[in-house]
Amino acid sequence: MRKSDLHYDLPPERIAQEPSARREQCRLMVLDRDLRTLQHKMFTDLPDLLRPGDLLVLNRSRVVPARFDALRQTGGRIGGLFVREESPGIWQVLLQGKGRLRQGDRLTLGEGRWRMDLLDRRERGLWQVRVEPAEPAATILDAIGRMPLPPYIHRKADDARVSHDRDWYQTVYAREPGSVAAPTAGLHFTEALLEQVRGRGVGLAWVTLHVGLGTFQPVEVEDLDAHPMHSEYYELPSETAEKVNAARKQGRRVIAVGTTSVRVLESCCDAAGRLAAATGWTDIFIYPPYRFRCVDALITNFHLPGSTLLALVFALAGREFVLDAYGEAVRREYRFFSYGDAMLIM
């Protein structure tokens, strides 16, 4: 597959700048990849589209307020993005600001409450830094950070929506802090809707994948075989492995909520589609003609042109079918990307 195969035309006004007034009151496009049909529903219709015995697998990673401002000793302001915590007090961050940053420079955070020493420059603006006092990254960022909204969601400093983004850009079931972008397919669920799903006899299972920069890095090479995926940390609990294995053995559907859940499941299964509990780092890149071994269906959002996420959806449902569906979504004025509408691929 080529980078040019991931292109489609999207009018800028179709990019959602905020979620629906109520999480579950978004639109849901339903694709049947065998019959090559699509339906237009609401996300509240999801329980009726599921079968008793289906198993939903959801990513419970929690987005940290990863954007922050640091100050030079001269008073200059540096914009930062937390990427991950390597060990207590040692972070990877992206830093941007006027003037050259040098190894050994010291910045301050939170009006001087914390110090940040620049240890090692990495590629593409990444730095390894030491933060002192060495409190957990989630604790520090909760005090000083802002939600790491993607660049296509526009906010000014005085935008009243900024105060809502900490709730909007977080799933209701998020538990484990570590993501720098939301697993957006899960944003449409409410506790009440999850209860309706359970009431249909549908099981729930949990994984964790901390969404990093690699998931949203655009493909920059023409041949997708040459695209380097950054690794992301995941956890697949034994209980989830047992539930998925039982569902597959009994012929019940395994439905991933979001591409992040897909990546965990497909990273951890063997050739027969059987899972074992695992933790680690995955750089799996799924694109045609990938053959899915574990996942039967997918709940997802509408993805950016040129993205690895769109390539994953192509692998599941077929490029031409998905592009036809995206074209229909544009014509019917669906809302795209993180705060936008959803798709269910059966």
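Let me begin with helix 8, where Phe-321, Val-322, Leu-323, Ala-325, Tyr-326, Glu-328, Ala-329 and Val-330 are buried. I should say at once that what we are looking at is a predicted model, and that everything I describe today is computed from it. The cover over those buried residues of helix 8 includes strand 1 (27–32), strand 2 (37–42), strand 16, helix 7 (308–317) and strand 17. As for its geometry, helix 8 has 13 residues, 319–331, which at 1.5 Å a residue should span 18 Å, and since its end C-alpha atoms are 18 Å apart, the expected and the modelled span agree.

Directly following this helix, Glu-333 takes a positive phi of about 60°, and this residue sits in the loop between helix 8 and strand 17. Glu-333 is exposed, because its relative accessible area is 51% and the cut-off for that class is over 50%. A second non-glycine residue with a positive phi of about 60° is Arg-36, which is placed in the loop between strand 1 and strand 2; with a relative accessible area of 44%, Arg-36 counts as partly exposed. These two are worth a look in the model, because most residues other than glycine have a negative phi.

Now to helix 7, for which 10 of the 10 residues are buried, so that this helix is largely enclosed by the rest of the structure. Its buried residues, among them Leu-310, Val-313, Phe-314 and Leu-316, pack against helix 6, strand 16, helix 8 and strand 17. Just past the end of helix 7 comes Gly-318, with a positive phi of about 95°. From helix 6 (residues 259–268) I will pick out Thr-260, which counts as buried at 5% relative accessibility and which, once neighbours within four places in sequence are set aside, is in contact with Asn-59, Pro-183, Leu-209 and Val-211.

What surrounds strand 16? Let me take its pairing partners in turn. Strand 14 (residues 254–257) runs parallel to strand 16 and is joined to it by three bridges, with Ala-256 having Leu-298 as its bridge partner. Strand 17 (residues 342–345), in contrast, runs antiparallel to strand 16, with four bridges between them, and here Ile-299 is partnered by Leu-344. Five of the five residues of strand 16, 297–301, are buried, so this strand too is largely enclosed by the rest of the structure. In a regular strand the side chains alternate between the two faces of the sheet. In strand 16, Ala-297, Ile-299 and Asn-301 point one way while Leu-298 and Thr-300 point the other way, and all are buried.

In the loop that leads from strand 16 to helix 7 we find Phe-302, which is buried, with a relative accessible area of 1%. Not counting residues up to four places away in sequence, Phe-302 touches a set of residues that includes Met-29, Tyr-326, Ala-329, Tyr-334, Phe-336, Phe-337 and Met-343, and of these Tyr-326 and Ala-329 belong to the buried residues of helix 8 with which I began. The C-alpha atoms of Phe-302 and Ala-185 are separated by 9.3 Å, although the two residues are 117 residues apart along the chain.

Turning to empty space, the count comes to one cavity of 30 Å³ or more, and the volume of the largest cavity is about 50 Å³. Its lining is made up of Met-229, Arg-263, Ile-284, Phe-285, Ile-286, Thr-308, Leu-309 and Leu-312, which divide into six nonpolar, one polar and one charged, and helix 7 gives the largest share of that lining, three residues.

The second largest pocket holds about 580 Å³ of space. Of the 25 residues lining this pocket, Val-83, Arg-84, Glu-85, Gly-178 and Trp-281 are the closest to its centre. Strand 6 (77–87), helix 2 (137–144), strand 11 (176–179) and strand 13 (232–236) each contribute at least two residues to the lining of the second largest pocket, the largest share, four residues, coming from strand 6. By class, the lining of this pocket divides into 11 nonpolar, eight polar and six charged residues.

Finally, two peptide bonds to check on the screen. The bond from Glu-132 to Pro-133 is cis, with omega near -5°, and Pro-133 lies in the loop between strand 10 (126–132) and helix 2. Pro-288 and Pro-289 are likewise joined by a cis peptide bond, with omega about 10°, and Pro-289 lies in the loop between strand 15 (278–282) and strand 16.

Key
Residues numbered from 1 in each chain as written. Predicted model: local features only at pLDDT ≥ 70, side-chain atom pairs only at ≥ 80, totals over all residues. Heavy atoms only, no water. 1 Å grid on protein atoms, 1.4 Å probe; cavity = no way out; pocket = protein on both sides within 12 Å on 5 of 7 lines; lining within 4 Å. Points joined across faces, edges and corners; volume = space filled by probe spheres on them. Nonpolar A, V, L, I, M, F, W, Y, C, P; charged D, E, K, R; others polar. Buried < 20%, exposed > 50% of the residue type's maximum accessible area, 1.4 Å probe, protein only. Pairing = 2+ DSSP bridges. Expected span 1.5 Å × (residues − 1). Contact = heavy atoms within 4.5 Å.
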